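Please open the model in your viewer and keep the selection panel at hand. The tour below proposes one selection after another and says what is to be found at each stop.

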Amino acid sequence: MADLRQMGQQTASTLKGGVEGAQQAAAHATRHAAPWLEALARFGYASKGVVYGTVGLLALSVALGRGGATTDTKGALLRLQDLPAGTLLIWLLTLGLIGYALWQLIRAALDPEDQGHEAKGIVKRAGYAFSGVANLGLAVFTARLALAGNAARSQNSEDQVAGTVLNLPGGQLWLALGGLILLAVAANQLYVAYGAKFMKRVTFTDLPARTCDLLKRIGQVGIASRGVLMVIIGVFALLAAWHRQASETVGISEALTWLRTQPSGNLLLGAVALGTLCYGVWCVVQARYRRIRIEGAA
């Protein structure tokens, strides 16, 4: 029995040493590549801003009665691809989205911002990891679009994901949990927007006070609008779980369309569309002024 215990301790020690060695190797490689990774991350913020700014502009056009249709990030990329020199733009956005995804994964794995290993820090780092994977998926879509000039885009991707979840054992609970997580993230974003908590991550150098205040307001409006969209998506996820109807889930495009169907719908859509445009602008602002610390990754 003692031999088995000793063997188990040795195995655990070996695994722990292997994990720590891998982390140290990754941190060492990251520090050497830090200047390039920082440049990629900044380009990633700018690219994300272009995508979300396009989503906001298209929705604002609908709200103002100028035609068109609301869309999501993939739909925005398809519209951008139709512009003159659109293929070149899509290639640049592919690079940028890869850079943003890498930065989020670095934040999750190497914790350069010292979020720590307590519950709050782990939750934040898990969110960074999810964001990294999601943006990597969007980058893959963008690369396919650049290569082929078009890319398959499911019109009911949220329905398909929800349907897959509902078919799992305890699927309704899992989908409801997803909805609650979205609502929690939305509440956090609204809190961050209200208190301008995001300002601790940026440094406005050589800018007049009025310009700094304007940029802060743009960030508040943008992040709050993102929170509002997440509230809508989360509530519909809960309804889909309650009714066991995957078709009731919505994404960004459907959430914007739903706003337009409400009383004073064009006003509501216009407000959230303008906010989404502000979020895109704020992403571009972060590309220039956000503090990105890669050298300190551990």
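## A partly exposed aspartate

Select D213 first: with a relative accessibility of 35%, D213 counts as partly exposed, and, as everywhere on this tour, the coordinates belong to a predicted model. Add R217 to the selection, and you will see the two side chains meet in a salt bridge, with 3.8 Å from N to O. D213 and R217 both sit in helix 8, four residues apart, which is about one turn of the helix. R217 is likewise partly exposed, its relative accessible area being 42%.

## The whole chain

Now zoom out and colour by secondary structure, where the protein chain shows 10 helices and zero strands. Of its 298 residues, 43% count as buried. The UniProt record, an unreviewed entry, lists residues 50–68, 88–106, 127–147, 173–194, 223–243 and 263–285 under "transmembrane region". Two of these spans are worth selecting by themselves. Residues 88–106 are 100% helix and 0% strand, with end C-alpha atoms 27 Å apart. For residues 263–285 the helix share is 91% and the strand share 0%, and the end C-alpha atoms lie 34 Å apart.

## Buried charges around helix 4 and helix 5

A search of the whole structure finds six salt bridges, and the next selections show pairs that differ in setting from the one on helix 8. Select R107 and E113, which form a salt bridge whose closest N and O atoms are 3.0 Å apart. R107 counts as buried because its relative accessibility is 7%, and E113 is also buried, at 13%. Extend the selection to R290, and you have a network of salt bridges that links R107, E113 and R290.

Next, select R125 and D111, where the closest N and O atoms of a further salt bridge are 3.8 Å apart. R125 lies in helix 5 and D111 in the loop between helix 4 and helix 5, so this pair ties together parts that are 14 residues apart in sequence. Both partners, R125 and D111, are buried. As general background, side chains of opposite charge can pair when their charged atoms come close.

Keep D111 selected and inspect the backbone. What is the sign of phi at D111? Phi is positive there, about 50°, although D111 is not a glycine. Most residues other than glycine have a negative phi. D111 itself is buried, with a relative accessible area of 9%.

A second residue of this kind is A196, in the loop between helix 7 and helix 8. The phi of A196 is near 50°, again a positive value in a residue other than glycine. At 14% relative accessibility, A196 counts as buried.

## The largest nonpolar core

Select L77, I90, F204, I252, L256 and W282, which touch the most other members of the largest nonpolar core, a set of 47 residues. The elements that give two or more residues to this core are helix 2 (34–63), helix 3 (73–81), helix 4 (86–109), helix 5 (119–148), helix 7, helix 8 (209–243), helix 9 (252–260) and helix 10 (265–289). Helix 10 gives the most, with nine residues.

## Two cysteines, and a search for disulfides

Go on to C278 and C283. C278 is buried, its relative accessible area being 16%, and C283 counts as buried at 0%. How many disulfides does a search of the whole structure find? The search finds zero.

## A contact across 14 residues

Select F236, which is placed in helix 8 and counts as buried, with a relative accessibility of 18%. Then add V250 and draw the C-alpha to C-alpha distance: the two atoms are separated by 6.5 Å, while F236 and V250 are 14 residues apart along the chain.

## A nonpolar patch on the surface

For the last stop, switch to a surface view and select L168, W174, L177, I181 and V185, which make a nonpolar surface patch of about 470 Å². Among them, I181 is found in helix 7, residues 171–195. Is I181 buried or partly exposed? With a relative accessible area of 47%, I181 is partly exposed.

Terms used:
Residues numbered from 1 in each chain as written. Predicted model: local features only at pLDDT ≥ 70, side-chain atom pairs only at ≥ 80, totals over all residues. Heavy atoms only, no water. UniProt positions renumbered as here; feature names shortened; annotations may be inferred. Patch = residues over 30% accessible without salt bridge, like charges linked within 9 Å, V, L, I, M, F, W, Y side chains within 5 Å. Areas by Shrake-Rupley, 256 points an atom, 1.4 Å probe, with all protein chains shown as cover. Salt bridge = Lys/Arg side-chain N within 4 Å of Asp/Glu carboxyl O. Buried < 20%, exposed > 50% of the residue type's maximum accessible area, 1.4 Å probe, protein only. Disulfide = S-S within 2.5 Å. Core = buried A, V, L, I, M, F, W, Y, C linked by side-chain atoms within 4.5 Å.
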